[in-house]
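The following exercises concern the packing of helices and the pairing of charged side chains. Please examine the structure shown below before working through each solution.

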Amino acid sequence: MTAETSSASTVAIIGTGFGGLGMAWQLKQAGIDSLVIFEKADEVGGTWRENRYPGAGCDVPSHLYSFSFESHYPWAWRYARQPEILEYLRHCSRKFDLQKHIRFRTAVEGADFDATRGVWRIRLAGGGVHEARFLVSAVGQLHRPAYPRIPGGDCYAGKAFHSAHWDHDYDLNGKTVAVIGTGASAVQFVPEIAKQVKQLYLYQRTPGWTIPKVERPISPFMRGLLNRLPVIEKLDRLRIYAITELLAYAYMGHRWLERLVTGLAKFQLWRQVRDPALRRRLTPDFPVGCKRILLSNDWYPALTRPNVEVVSEAVQALEPGGVRTADGKLREVDAVIYGTGFAATEFLAPMQIRGLGGRELREQWRAGAEAYLGISVSGFPNLFLLYGPNTNVGSGSIVYMLESQQRYIGQLIAAQRAGAWRYADLRPEVQAEFVAEVQRRSAESTFEGSCQSWYKTAEGRNTNNWIGLMREYRRRTAKPDLAHYQLAGP
């Protein structure tokens, strides 16, 4: 530790969502207690701490959207709501004694790799420096809200906020509201606020495929049964896993199954929207899976309410009094809510990460983020990514994917410590071969269909989604191959 360094540890982790907490648990199982977790906020939770909009919840059943080492949890709903997911993460941080490793209200501005000493020098907001042999980013893909570039945004005189920064002090009752965006967040909050507002204008760029959500509370009888027979919970987890894998299989170029899922979505639309003109506007013109499929029972009924209007004309500008569309019409509104998702393709931003020879990660990723198995990047030794490039799942549980990555990283760190290597740097040809495979297989999937989605860069390259089943990813991350890395001496 140098004179200007304020602290040091073996491993440093950034973020306290499912990625960061699960990584800390994995390391502690391996006997590594010299670890610190940096968290910019004042409590754990990641995206489930940030997103507190009405109706916020998970579209993966709770029994699969949970850690395998803490799966027996008294969930209130089959699909957990935001408050209980946040409480679950708090529970895990307390139960497994992870709180002592967390430095709250400590944002990471960047990190530089010192190849001579084999350590990462992590720059903290406020001027502190922390040194660690291994750096793990657990900031995820869905943490920086994306705002659309609309002319006149600064001129709008009413209330405006993003769904990820919901203003709970603003009373929507009796208001005329514009919602821009029809993604997964809007599908959850629009049915809730439509009951309150006087008028809601939903500005839709493109519709999404929607299928039913088999949702219900977990009854006291079922909770008692799960407590007495934990095997039921394990079987339910396996059942959910199989269903999500089957849906993912439809995205992989298997047209017969893709047509079956499309038929289910069209039936739901036909059943819930009787107006043929509105039904046509809500029918996507791209393959199912091109954008994340939406699970909801009340999305379409909300759009047929008399106080809701779906506006398909492009938003041209915001004016002091409201929203003007490309047809010249101005709709006056009291508030604008952005349901426009996140800057998902801007991995690790706004941090500045510099690896071997001072190379900058942001510059290296200028044409699109890439990493071997979404975990390791050539030229950035001992840096590991959780929920990195091409590890999101169009269908399935990201918690399952994270646990695969956490086991892989834990084994790689343990191997380096046992071998006393200064660092391990991914071989560039290994990364290049993997990236080529991802792009080849992605082109055969529905992810690169004719739609705009957060899976892809502006140029249409899939940098976010895994291109196979979760089962394949678990197999490929089961054990690190040290031949894939250049090992520097002690």
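**Exercise 1: Two helices in contact**

In this predicted model, Leu225, Leu226, Asn227 and Arg228 of helix H5 meet Pro230, Ile232 and Glu233 of helix H6. Task: determine which classes of residue form this contact, and how the axes of H5 and H6 are arranged.

Solution.

Step 1. Sorted by class, the contact of H5 with H6 comprises four nonpolar, one polar and two charged residues.

Step 2. Two packed helices are described by the angle between their axes and the distance between the axes. The axes of H5 (residues 220-228) and H6 (residues 230-251) come within 4 Å and cross at roughly 100°.

Step 3. Angles of 65 to 115 degrees count as roughly perpendicular, and H5 is therefore roughly perpendicular to H6.

**Exercise 2: A salt bridge between two loops**

Task: state where Asp33 and Lys100 lie in the chain, and decide whether Lys100 is buried or exposed.

Solution.

Step 1. Side chains of opposite charge can pair when their charged atoms come close. The side chains of Asp33 and Lys100 form a salt bridge, at 4.0 Å from N to O.

Step 2. Asp33 lies in the loop between helix H1 (18-29) and strand S2 (35-38), and Lys100 in the loop between helix H3 (82-95) and strand S3 (102-103). The pair links distant parts of the chain, 67 residues apart.

Step 3. Lys100 counts as exposed because its relative accessibility is 51%, the cut-off being over 50%. Asp33, at 41%, counts as partly exposed.

**Exercise 3: Arg461 and its partner**

Task: find which parts of the chain the salt bridge of Arg461 and Glu370 ties together.

Solution.

Step 1. The side chains of Arg461 and Glu370 meet in a salt bridge of 2.8 Å, N to O.

Step 2. Arg461 is in the loop between helix H12 (428-443) and helix H13 (470-476), while Glu370 is in the loop between helix H10 (361-364) and strand S18 (383-385), so the pair ties together parts that are 91 residues apart in sequence.

Step 3. Arg461 has a relative accessible area of 18% and is therefore buried.

**Exercise 4: A salt bridge between helices**

Task: identify the helices in which Arg441 and Glu472 lie, and classify Glu472 as buried or exposed.

Solution.

Step 1. A salt bridge joins the side chains of Arg441 and Glu472 at 2.9 Å, N to O.

Step 2. Arg441 lies in helix H12 and Glu472 in helix H13, 31 residues apart.

Step 3. Glu472 counts as buried at 15% relative accessibility, whereas Arg441 is partly exposed at 21%.

Methods:
Residues are numbered from 1 along each chain as its sequence is written. This is a predicted model: local features need pLDDT of at least 70, side-chain atom pairs count only at pLDDT 80 or more; totals for chains, interfaces and linings use all residues. Side-chain values use heavy atoms; hydrogens and water are left out. Axes are lines fitted to C-alpha atoms, for helices over the stretch in contact, and angles run from 0 to 180 degrees between N-to-C directions. Angles under 35 degrees count as roughly parallel, over 145 as roughly antiparallel, 65 to 115 as roughly perpendicular and the rest as oblique. Contact means heavy atoms within 4.5 Å. Ala, Val, Leu, Ile, Met, Phe, Trp, Tyr, Cys and Pro count as nonpolar, Asp, Glu, Lys and Arg as charged, and the others, Gly among them, as polar. Buried means under 20% relative accessible area, exposed over 50%, partly exposed in between (1.4 Å probe, protein chains only).
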